[in-house]
Amino acid sequence: MLLGFVFVIIGITLYQEHKTERALEKLQDLSSPRALVIRDGKEKRIAGREVVRGDIVVIYEGDRVPADAELLASNNLALDESLLTGESVPARKFKNDTIFSSTLVVQGSGIAHVKSIGINTEVGKIGKALTRIKAEKTRLQQQTGRLVRNVAIVGLIVCLFVVIYYAATRGDVLHGLLAGIALAMSILPEEIPVILTVFLALGAWRIAKHNVLTRQVASVETLGAATVLCVDKTGTLTLNKMSVHKLAVGDDFFDLQKNNELIPESFHELVEFSILASQCDPFDPMEKAIKVLGEKYLANTEHLHNDWQLIQEYPLSKELLAISHVWQAPDKNSYEIAAKGAPEAIADLCHLDKAAQELLAKRVEVLAGEGLRVLGVAKAKFNKGHLPGEQHDFAFEFIGLVGLEDPVRTEVPAAMAECRQAGIRVIMITGDYPITARKIAKEVGLTNVDEVITGDELRRIDDLQLRERIKKVNIFARIIPEQKMRIIQALKANGEVVAMTGDGVNDAPALKAAHIGIAMGERGTDVARESASLVLLHDDFSSMVQAVRMGRRIFDNIRKAIIYTFAVHMPIIGMALIPVLLKLPLVLLPVQIVFLELIIDPACSIIFEAEKEEVGIMSRPPRKQNDSIFGRKIIGLGIVQGLVVLVFVLAVYIIARHLGYSTEQVRTLVFATLVLTNLVLILTNRSRTKGALAMLRSPNKALWWICGGATAFLGAVLYVPFLGQLFRFSPLSLQALSIVFLAVILSFIGLELLRVCRKG
């Protein structure tokens, strides 16, 4: 019979593991590196593992190359091949060169034809040697392992003690062995590893339904403790769908939203050179908006140059936030150079004097004050010949400013209000101007919008000053990615639990340093995704808030399951140990404890995992970072609940013996009481805030299946003669049933009073 129960428990465990593995497989599918391919003439983002031979892939800075491929076109392309070669210096790549899977694009872009995939790539051949390496356990798994190991050791020691004590006092080794095994089985909380595996894996899958991919399952537990969310403005708080809103040439401004028909001739050159300073087939939202502007207003004019040839590109750098394109016109003997970028960078390229820079700053402030993203545009000529190594060597002439609008996402203000209510502080980090950042901050409902720290100011202040100022400042403007690390470190030094978003290559260190790194799934680079704990499949702020909400729910439900686990074991331990110590007949045998385990296992991992979030889950402050799932309060509450139940089960035992019931009848009463009080413990622990009766109105299909199944099985073992003989039970009389139900009702009242007292 024990062997039969073992197979049933194995079946339950395999079902739970299969459910978990399916969730993890789906998560793994979502988490594979993304690739941009051209299929049917259209660009399409797919999982890297879906790339096939013959695909045309497009790679940009920050991407991982998805397969071994031959370059069809290269635009200032450089790859980090250290994974294969060990060489730290990026390798320049040109047309017809081979690029290798998993290498990192550190500069430029390219188009390539896929030649080899999977294990046939150079990296794939190396990967064969890694298949035998096992992944290390997470910190949470190690803590769980230690807890179960320690309890198992205690169980083994107590088991040996009971066997020896029973044999010494009663001279019966066989029954002493049965008593020892029963006690050891009742002590060991083998459900805990199952709880954590199932809850975290299925929790990660539930979060994925809210468009948030969990790359590190253990980070699910950390979500509920987040106290600060550091977010990018563009694409997270805003739609990242740019449109050109205003143009500025000299003191003249042109509003495209108010004048939707023609652009005055004086602004044509500004649009012309902003297009020339962009990619021919742009991927960047700003460049897309500029191209759309040109196609709409400059079609069939001399200002669009589809026949010009791009000779060289000077990319954006840390030192100069500007990009320049060198073009050759068919009918000219000189090169035309177009530059665009941050207005101060363009002013630097044009060598504007102080007065001109101040005038430019005022014009920029006008546009930024309307919440616009501002770009400066310049032009230059250069005689054909050897091109200079830097953009500064051209004689640029300033043309004007382009103001682009990126509307705030409609759902962000409500999500921001939810964060405030949940005690979570939001910090906006942007590369835009302070005045633009303030306007967006006001629109989304960010607090304390008057104080701003800029990138220049951040460079000037030391770490102690930053730690003090960051306690109040919620806006960081004109920030470069490398500065995000200092912001994260300052927040962590202040004891905050930090979640941070990022999308670029240079964001990776900060994403890794944050407690919860969150990468952008749509516009983020593979490097950012690989460094992050979570990936937003849709780059919007509300997804982050939903992830925090779900993280709190998962932690709450794990805590309920842990409390229930410790509570349900206490009366079983008590009824296995007390008769031995008092030299009374054994009440619980191993087969009966296994039957109880059949209820405990699914109750822990199915009922509590499926519980909905608590009312007001986002109205309470974040839990403390050092609050452990196995904290003293949690385990202590479980033990106290278990002792309450043990009192009433023990009362049934004493009353039954006092009434002169036989050993089998006493065993039957105690067992029936344990099963039904077990169900009472489930009902009591479904919610931290609501009573068990109130929670009956909250649907949970798994609850009724397990409660109904447990009651049906109990009835079968009590009243089916064959099963009764196997379990050594006797049918219960009306009087005996009355004792059981009275004990169950009193234990329910006792647990509810305990909940009220604890809440008070």
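**Exercise 1. In this predicted model, find the bridge partner of Tyr335 in β15, and then place β14 and β15 in their sheet.**

Solution. In β15, Tyr335 has Phe382 as its bridge partner. The next step is to look at the two strands themselves: strand β14 (residues 334–341) and strand β15 (residues 373–383) pair in the antiparallel sense, over 8 bridges. Both strands belong to an open sheet of 7 strands, whose order is β11-β10-β16-β15-β14-β13-β12 and whose pairing is antiparallel. At the edges of this sheet stand β11 (252–255) and β12 (309–314), and because each has a single partner strand, one side of each is left without a neighbour in the sheet. From one strand to the next, the twist averages 25 degrees.

**Exercise 2. Determine which strands of this sheet are touched by helix α9, and which strands helix α10 lies across.**

Solution. Begin with helix α9 (residues 268–276), which packs on the sheet and touches β10 (243–249), β13 (322–328), β14, β15 and β16 (397–405), with its direction making about 80 degrees with that of β16. Then turn to helix α10 (residues 285–297), which lies across β10, β14, β15 and β16 and runs at about 75 degrees to β10.

**Exercise 3. Give the strand order of the sheet of 8 strands, and follow the pairing of β8 with β22.**

Solution. The order in this open sheet is β8-β22-β21-β20-β9-β17-β19-β18, and the pairing is mixed. The edges are held by β8 (212–214) and β18 (452–454), each with a single partner strand, so that one side of each is left without a neighbour in the sheet. Neighbouring strands are turned by 20 degrees against each other on average, direction ignored. Strand β8 and strand β22 (residues 534–536) run antiparallel and are joined by 3 bridges; in β22, Leu534 is the bridge partner of Thr214. Helix α20 (residues 541–581) packs on this sheet, where the strands touched include β8, β9 (228–232) and β22, and its direction makes about 160 degrees with that of β9.

**Exercise 4. Describe how helices α22 and α23 cross, and sort their contact residues by class.**

Solution. The axes of helix α22 (residues 632–658) and helix α23 (residues 663–684) come within 9 Å and cross at roughly 155 degrees. Since angles over 145 count as roughly antiparallel, α22 is therefore roughly antiparallel to α23. The crossing of α22 and α23 is right-handed. Among the residues making the contact are Val645, Tyr653 and Arg657 of α22, and Leu669, Thr673 and Leu681 of α23. By class, the contact of α22 with α23 has 10 nonpolar, 3 polar and 1 charged residues.

Definitions and conventions
Residues numbered from 1 in each chain as written. Predicted model: local features only at pLDDT ≥ 70, side-chain atom pairs only at ≥ 80, totals over all residues. Heavy atoms only, no water. Pairing = 2+ DSSP bridges. Helix = DSSP H or I, 4+ residues; strand = E, 2+ residues; numbered from the N terminus. Axes fitted to C-alpha atoms, helices over the stretch in contact; angles between N-to-C directions. Contact = heavy atoms within 4.5 Å. Parallel < 35°, antiparallel > 145°, perpendicular 65-115°, else oblique. Left-handed = near helix turned anticlockwise from the far one by under 90°. Nonpolar A, V, L, I, M, F, W, Y, C, P; charged D, E, K, R; others polar.
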